[in-house]
Amino acid sequence: MRAPHSIAGQWQGGWDEAGLERWAAGLRARLPASEVTLGAVFFSPAHFPDVGALLEVLRLHARIPLLIGASSPSFIANGVEAEQGDGLSLALFHLPGARLKALHITQEDLETGSGPAHWHRRTGVTPDQVGGWLSLASPPRFDGETWLREWNTAYPATPVIGGLACGAGDDAPAVVCLNGEYYEDGVVLVAVSGEVRLQPVVSQGCTPIGDAWTITHTDRNYILQIGNRPAYSVLVDTFNHLSETEQSKVQHNLFIGLASNEYQEDFHRGDFLIRNLLGVDPKNGTLTVGALPRAGQTIQFQRRDAAAATEDLSYSLGKVREQLVGQTVYGGLSFFCLGRGARLFGSPNHDAGLIQEQLGPLTMAGMFCNGEIGPVGPRSFFHGYTASLALFVSNKIPTDHPARQSVDATPH
């Protein structure tokens, strides 16, 4: 069930204080709820000179008690993706019964301590007090890999969903925001708990090819053997068993999928962490990958292109739609890779439109990222070419929901 508890809109253009005041107040007036729980803003680098004033205008005129945000040259509101345009998107969420706690983690925080106890003290949040983390990070002075590794340990099996802010170019500064403050480094986090949880959707844009195998010998980021055979030979055999049509699709679109949870008996789409195939060595029979694979880990080769990305997102959305039948969804936030959008699919609004088609009408806002964050199995990772969604879902089970009926039928 889609709840009328949220709204999102786009402002096209640069800084215009009076115009933004009217626009923010108008968006707030259209929210069919008595109060805002959370606001999320994603704005183009054109707003950098006035970002402090922008945050205050939105907080005041949209009456937002907790506001998070990030910069990106491309942003999303509902089914529309505004790529490489000046402006912003703003979402207002009313989340009944939610408990939210927000904070900003810096590089200094990483350097002054580590381990679960350190982070529980620093955040004031223990694992039983959080059902998911929203995360907006700003590189490059922040060691995001170390932070996320620490977070997976401190908050096990708790999804972390978000993305990396970006500026006008590869090396341009990026900004993340919390209430009236903005930062060029660190990560802004929101712990979500209470009667609302985060439902992740992670689509890495790949479709599996060939069979799943077991890695039998590695050295750092080199895979030497798969199934006790030279790794390169297994890759060649996999390729040769494809049809000519599939072989043409795989050319220059081949990736590696590494199982994220070895305790599974069967592996399916979405169970693999996708990483780059960096090189092959036919002479030594090795593969070089953008990860640190382990002997005993399950591997499956993957194809990534526009068709595979469409197929994978459709599958992921369909799967979560089935899981959420009868449950209240208040809306969500979306984080798409800068390599997706019209440059990959050849037309605008592909991912945002597919979300609305499969889950909508649903309030969504977000940005295109320099890296996406989301769980694969029990741990969260940084991704590329991925669509990562955080859906706000009520923890209350409706009386007519099958799970509730099963509980109610249990003898007391």
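Strands here are DSSP runs of E of at least two residues, and both helices and strands are numbered from the N terminus. Keep that in mind as you select, and remember that this is a predicted model.

**The whole chain**

Show everything as a cartoon. You should find 11 helices and 26 strands. The C-alpha trace spans about 65 × 60 × 45 Å along its principal axes. A compact globule of 412 residues would have a radius of gyration near 22 Å, and the protein agrees, because its own value is 22 Å. Of those 412 residues, 54% count as buried. Contacts reach far along the sequence: among those with a separation of 6 or more, 81% are between residues 24 or more positions apart.

Now switch on the surface. The accessible area comes to about 17400 Å², and carbon and sulfur atoms hold 49% of it. Colour by charge next. There are 29 positive and 41 negative side chains, and the centres of the two sets lie 4 Å apart.

**Stop 1: Serine 74 and alanine 77**

Select serine 74. It sits in the loop between strand 3 (67–71) and strand 4 (75–77). Serine 74 counts as buried because its relative accessibility is 2%, and the cut-off is under 20%. Show what surrounds it. Beyond its neighbours within four places in sequence, serine 74 contacts Ala82, Glu83, Gln84, Met367 and Phe368.

Step along to alanine 77, in strand 4. Alanine 77 is buried too, at 5% relative accessible area. Not counting residues up to four places away in sequence, alanine 77 touches Gly9, Gln10, Ser89, Met364 and Ala365. Draw a distance from its C-alpha to that of leucine 90. The two residues are 13 apart along the chain, and the C-alpha atoms are separated by 7.4 Å.

**Stop 2: Proline 140 and asparagine 152**

Go to proline 140, in the loop between strand 8 (132–138) and helix 5. Look at the bond before it. Proline 139 and proline 140 are joined by a cis peptide bond, with omega about 5°. Most peptide bonds are trans.

Follow the chain into helix 5 (residues 144–154) and pick asparagine 152. Is asparagine 152 buried or exposed? It is buried, with a relative accessible area of 11%. Which residues does it contact, leaving aside neighbours within four places in sequence? They are Arg379 and Ser380. Zoom in on serine 380: its backbone oxygen lies 2.9 Å from a polar atom of the asparagine 152 side chain.

**Stop 3: Asparagine 228**

Select asparagine 228, in the loop between strand 16 (222–226) and strand 17 (229–230). This asparagine is exposed, at 60% relative accessible area. Check the backbone: phi of asparagine 228 is near 65°, a positive value in a residue other than glycine. Most residues other than glycine have a negative phi.

**Stop 4: Around helix 10**

Start at asparagine 349, in the loop between helix 9 (342–345) and helix 10. Asparagine 349 also has a positive phi, of about 65°. Its relative accessibility is 25%, so asparagine 349 counts as partly exposed.

Move on to helix 10 (residues 350–359). This helix is mostly covered, with eight of its 10 residues buried. Select the buried set: His350, Asp351, Ala352, Leu354, Ile355, Gln356, Gln358 and Leu359.

Finish with proline 361, in the loop between helix 10 and strand 23 (364–369). A cis peptide bond joins glycine 360 to proline 361, with omega about 0°.

How values were computed. Residues are numbered from 1 along each chain as its sequence is written. This is a predicted model: local features need pLDDT of at least 70, side-chain atom pairs count only at pLDDT 80 or more; totals for chains, interfaces and linings use all residues. Side-chain values use heavy atoms; hydrogens and water are left out. Helices (H or I, at least four residues) and strands (E, at least two) are DSSP runs, numbered from the N terminus. The radius of gyration is taken over C-alpha atoms; the globule rule is 2.2 Å times the number of residues to the power 0.38. Buried means under 20% relative accessible area, exposed over 50%, partly exposed in between (1.4 Å probe, protein chains only). Contact means heavy atoms within 4.5 Å. Accessible areas come from the Shrake-Rupley method with a 1.4 Å probe; for residues, only the protein chains shown count as cover. Lys and Arg count as positive and Asp and Glu as negative; His and the chain ends are not counted. The place of a charge is taken as NZ of Lys, CZ of Arg, CG of Asp or CD of Glu. A polar contact is a pair of N or O atoms within 3.5 Å; within protein, one must be able to donate a hydrogen and the other to accept it, and residues adjacent in sequence count only if both atoms are side-chain atoms.
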